[in-house]
Amino acid sequence: MPKNELDFYEKVKNWDFSNIKRTDESLTNWDLYEILNKNATKESKILDLGTGGGEKVIKYFPQVKEILGTDFSSEMIKTANENLKKSNRQNIKFKQMDNLKMTTENNYFDIVVARHTCIDARQIYDTLKDNGLLIIRGVDKLDCWELKRLFKKGQAYNDIKPISLIDYENIIDAGFKNVELVPIHIREYYKTKEDLLTLLLKTPILLDFSEERENDNLELDIDMELLDKYIKSHTTDKGILLVRRYYGITAQKQ
Ligand SMILES: C[S@@+](CC[C@H](N)C(=O)[O-])C[C@H]1O[C@@H](n2cnc3c(N)ncnc32)[C@H](O)[C@@H]1O
């Protein structure tokens with residue numbers, strides 16, 4: 001993990017994007033919450049790794065016996081507990097934990113979810129029950145690629161091997177069965193330059209979080225001339241186009 005990544009997340013504090021005006025169109029139909037809801041039962045115990053401010057757990061996860069959301073950022077866990085208090089959800093707990101140094105019990109969870117966060121496949125394997133399900137959605141190397149090419153930087157920009165392939169291979173090597181890697185392609189349309197800028201300032205899209213680099217620079221300065229150039233060539237009647245590339249992985253413990 002890049003050294004200062006935790007500092008970045010401590011400053012961000014939440015993953016609430018409701019102030020950004022945008023619409024989206026999906027060219028693919030892999031949906032994490034659909035898969036989660038289909039596979040969970042009332043008796044399920046679910047772990048959500050890198051849960052952020054718990055926004056997704058509270059809004060989209062099914063009502064089950066137990067949900068634990070974890071994040072290495074204490075600020076995110078603080079936000080998650082505040083969000084939980086405001087909700088009427090039950091059986092949800094949040095705790096601070098590094099995904100790469102997991103402290104959850106072995107053979108305990110029926111489902112582990114990791115959305116837009118890093119994973120250690122072997123540690124997830126250990127915490128899952130036999131036949132337990134792993135569901136991942138990740139941000140792929142080609143996410144926002146035209147924008148990253150223009151700026152000549154960004155998340156995974158310098159990675160030689162795409163993160164999707166690294167996760168996929170690590171999951172197979174950890175001993176999982178029925179491993180599937182599915183590409184996800186979404187067109188997002190931002191209403192104004194300010195909406196796009198809000199996204200870029202809040203997320204690591206233009207930061208150099210990379211598998212290949214050691215000394216990542218986490219000071220994000222956005223060259224407005226380049227951004228204007230991008231906007232000029234990507235403005236459509238639906239808004240400013242940003243092509244998102246994610247990947248979904250499902251896998252089962254043997
Ligand atoms: C992009 S956010 C995604 C949040 C949430 N899963 C969602 O989909 O909205 C990534 C989250 O992963 C957390 N994270 C990054 N690296 C981590 C690690 N090594 N261990 C635990 N959490 C981590 C960050 O603090 C951040 O809250």
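**Ligand shell, nonpolar cores and an exposed loop residue**

The shell around the ligand is made up of seven nonpolar, seven polar and five charged residues. In this predicted model, the ligand is surrounded by 19 residues, and Tyr9, Gly50, Gly52, Phe72 and Asn99 are the closest of them.

Turning to the interior, the largest nonpolar core comprises 34 residues. Within this core, the members that touch the most other members are Ile46, Ile111, Val112, Val113, Leu134, Ile135 and Ile171. At least two core residues each are supplied by helix 2 (32-39), helix 5 (121-127) and helix 7 (163-173), and likewise by strand 2 (45-49), strand 3 (66-71), strand 5 (109-115), strand 6 (128-139) and strand 9 (239-252). Strand 6 gives the largest share of this core, with six residues.

Val113 offers a handy view of the packing at residue level. Leaving aside residues up to four places away in sequence, Val113 touches Leu36, Ile46, Asp48, Leu49 and Ile135. A second core, separate from the one just described, has 12 residues, among them Tyr189, Tyr190, Ile205 and Leu207.

Ile160 brings the description to a loop, the one between helix 6 (145-151) and helix 7. Is Ile160 buried or exposed? Ile160 counts as exposed because it has 8 C-beta neighbours inside 10 Å, and the cut-off for an exposed residue is 12 or fewer. Ile160 and Lys141 lie 19 residues apart along the chain, and 9.3 Å separates their C-alpha atoms.

How values were computed
Residues are numbered from 1 along each chain as its sequence is written. This is a predicted model: local features need pLDDT of at least 70, side-chain atom pairs count only at pLDDT 80 or more; totals for chains, interfaces and linings use all residues. A nonpolar core is a set of buried Ala, Val, Leu, Ile, Met, Phe, Trp, Tyr and Cys residues joined through C-beta atoms within 7 Å. A residue is buried if 20 or more other C-beta atoms lie within 10 Å of its own, exposed if 12 or fewer, and partly exposed in between; C-beta atoms are placed from the backbone. Helices (H or I, at least four residues) and strands (E, at least two) are DSSP runs, numbered from the N terminus. Two residues are in contact if their C-beta atoms, placed from the backbone, lie within 7 Å. A residue is near a molecule or strand if its C-beta atom, placed from the backbone, lies within 6 Å of it. Ala, Val, Leu, Ile, Met, Phe, Trp, Tyr, Cys and Pro count as nonpolar, Asp, Glu, Lys and Arg as charged, and the others, Gly among them, as polar.
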